[in-house]
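Student: I have a model open and would like to go through it piece by piece. Can we work from single elements out to the overall shape?

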Amino acid sequence: MSKTSAADYYASIPVFRGFSRLMDPQLYKPLPDDWLIGTADIVESTKAIADRRYKAVNMAGAAVIAAVTNALEGREFPFVFGGDGASFAVGPDDASAAREALAATARWVSDDLELSMRVALVPVGAIRARGQDVRVARYGPSANLSYAMFAGGGLGWAEAAMKRGEFAIPPAPPGTLPDLSGLSCRFEEMPSARGLILSVLVLPAAGAEPQAYRRVIEDIITLTERTPEAGRPVPPGGPALQWPPQGLDYEVRASRGPGIVRWVRVLGRTLFVYAIMRFGISIGGFVPDLYRQQVVENSDFRKYDDALRMILDCTEQLAQELERRLSAAASQGIVRYGLHRQASAMMTCFTPSAIRPDHVHFIDGAQGGYASAATALKAAIA
């Protein structure tokens, strides 16, 4: 399969609208056997979260997607951001580039973020040989872009295999830098408007009947979509932007060049962006108000990667009702779940081109997020 046809294969999957359709199996298309699943996560992310290194953890996860996208020269491929890591799928002709990007990212995360990242590249054929599958759908939250959704259990199996040390990719030599062009985290944290930011993580329990699991997920989605007590955590006008930006240090670390040069370059670039956003100056095809609207529409605050993940701005009453329903489903052996409450959400951005509408904005809770929800899930089944 050529590079072009690999991109065409993913592009051939129809985009669905309406998140409530998420669990319809007709939407998911099996990946070819010769494709590979890339997966990455932060080792001891719980400790990093306890040390309040939330932004570093999120930056590491988003860096995987940025590095692979740039290595593939912007070709479309399915990926999903998991907070403290990421997963994606590539065709065989892109395996070498993806492998090098993963190795370089693991090295950068170690050298510049002082975190340890596991990375692996797992053949889809090996996943199917273990009785799991990898199927992909494309959800369009807006007309601007689509996000990949994964089903079949294969992503979960690949992550578990990576944690066992299988299919591992060693970090690149010291000093190796991935191409992280377009990766930034300039926006301020987004405080809850309804009471709290809730990180939601729901997986099928071992041996759960698929239709029962589907009903639970659809029930949770319906509840959150039909009530004014929950909504996206990104404010209607987009997150606040200040200068110097909150994530300045991380953007400097993601750029290339000598230290002082990087600081000067990033300071200048962020000041320029702040000025045109602050005063609404349109320049070179960039329209600030349109960009802010797209930031809101393109935020990935809910997704599916063998697990339902959501970052909701909601009331405490709704959080309690979600917990009641999930607890009841867990007691029936249908789901495993983890929830985490916090005061605000945060955004990490990947914007290869500010004048194109398909820039990507990864959302997580700002005080623990998905990583803490996963910790709660593990504690509940321990």
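**Helix α7 and beyond**

Tutor: In this predicted model, the buried residues of α7 are Ala212, Tyr213, Val216, Ile217, Ile220, Ile221, Leu223 and Thr224.

Student: Which elements cover the buried residues of α7?

Tutor: The buried set in α7 includes Tyr213 and Val216. The cover over the buried residues includes one helix entry, α11 (316-331). The strands in that cover include β11 (196-204), β12 (230-231), β13 (302-304), β14 (308-314) and β15 (335-342).

Student: What should helix α7 span, and how far apart are its end C-alpha atoms?

Tutor: Helix α7 covers residues 210-225, which is 16 residues. At 1.5 Å a residue the expected span is 22 Å. The end C-alpha atoms agree with that, being apart by 22 Å.

Student: Which residue caps the N-terminal end of α7?

Tutor: The backbone nitrogen of Gln211 has a side-chain oxygen 3.1 Å away. That oxygen, and with it the cap, belongs to Glu209.

Student: Which residues does Val335 contact beyond its neighbours in sequence?

Tutor: Val335 is one of the residues that touch the most other members of the largest nonpolar core, which has 106 residues. Two of its contacts, Tyr213 and Val216, are among the buried residues of α7. With neighbours within four places left aside, the full set is Val202, Leu203, Pro204, Ala205, Tyr213, Val216, Leu326, Ala329 and Ala330.

Student: How many residues are in the second core?

Tutor: This core is separate from the largest one. Its members include Tyr10, Ala89, Phe150 and Ala158. The count is 22 residues.

Student: Is Gln342 buried or exposed?

Tutor: Gln342 is found in strand β15. Residues it touches include Leu196, Ile197, Leu198 and Gly365. The cut-off for buried is under 20% relative accessible area. Because its relative accessibility is 7%, Gln342 counts as buried.

Student: Which side chain makes a polar contact with the side chain of Gln342?

Tutor: A polar atom of the Gln342 side chain lies 3.1 Å from the backbone oxygen of His340. The side-chain to side-chain contact is at 2.9 Å, and the partner is Ser199.

Student: Where is Trp157, and which residues does it touch?

Tutor: Trp157 sits in helix α6 (residues 154-163) and is buried, with a relative accessible area of 15%. Arg130 is 27 residues from Trp157 in sequence, yet their C-alpha atoms are 8.7 Å apart. Not counting residues up to four places away, Trp157 touches Val122, Ala126, Ile127, Arg130, Gln132, Arg164, Glu166 and Phe167.

Student: What is the phi of Phe167?

Tutor: Phe167 is found in the loop between α6 and β9 (183-184). At 29% relative accessibility it counts as partly exposed. Most residues other than glycine have a negative phi. Phe167 is not a glycine, but its phi is positive, at about 60 degrees.

Student: Is Glu73 buried or exposed?

Tutor: Glu73 also has a positive phi, about 55 degrees, although it is not a glycine. It lies in the loop between α3 and β4 (79-81). Its relative accessibility is 68%, so Glu73 counts as exposed.

Student: Which residues does the cis peptide bond at Pro244 join?

Tutor: Most peptide bonds are trans. Pro244 lies in the loop between β12 and α8 (248-254). Omega here is about -5 degrees, and the bond joins Trp243 and Pro244.

Student: How many disulfides are there?

Tutor: A disulfide needs two cysteine sulfur atoms within 2.5 Å. The cysteine sulfur nearest to that of Cys185 belongs to Cys349 and is 8.0 Å away. Cys185 is buried at 0% relative accessible area, and Cys349 is buried at 1%. The count of disulfides is zero.

Student: What is the radius of gyration of the protein?

Tutor: The protein has twelve helices and 17 strands. For 382 residues the globule rule gives 21 Å, and the protein's value is close to that, so it is as compact as a globular protein of that length. Its C-alpha atoms fill a box of roughly 55 × 45 × 40 Å along the principal axes. The radius of gyration is 20 Å.

Student: What share of the residues counts as buried?

Tutor: Among contacts between residues at least 6 apart in sequence, 78% join residues at least 24 apart. Of the 382 residues, the share that counts as buried is 56%.

How values were computed
Residues numbered from 1 in each chain as written. Predicted model: local features only at pLDDT ≥ 70, side-chain atom pairs only at ≥ 80, totals over all residues. Heavy atoms only, no water. Helix = DSSP H or I, 4+ residues; strand = E, 2+ residues; numbered from the N terminus. Buried < 20%, exposed > 50% of the residue type's maximum accessible area, 1.4 Å probe, protein only. Contact = heavy atoms within 4.5 Å. Core = buried A, V, L, I, M, F, W, Y, C linked by side-chain atoms within 4.5 Å. Expected span 1.5 Å × (residues − 1). Polar contact = N/O pair within 3.5 Å; in protein donor to acceptor, adjacent residues only side chain to side chain. Rg over C-alpha atoms; globule rule 2.2 N^0.38 Å.
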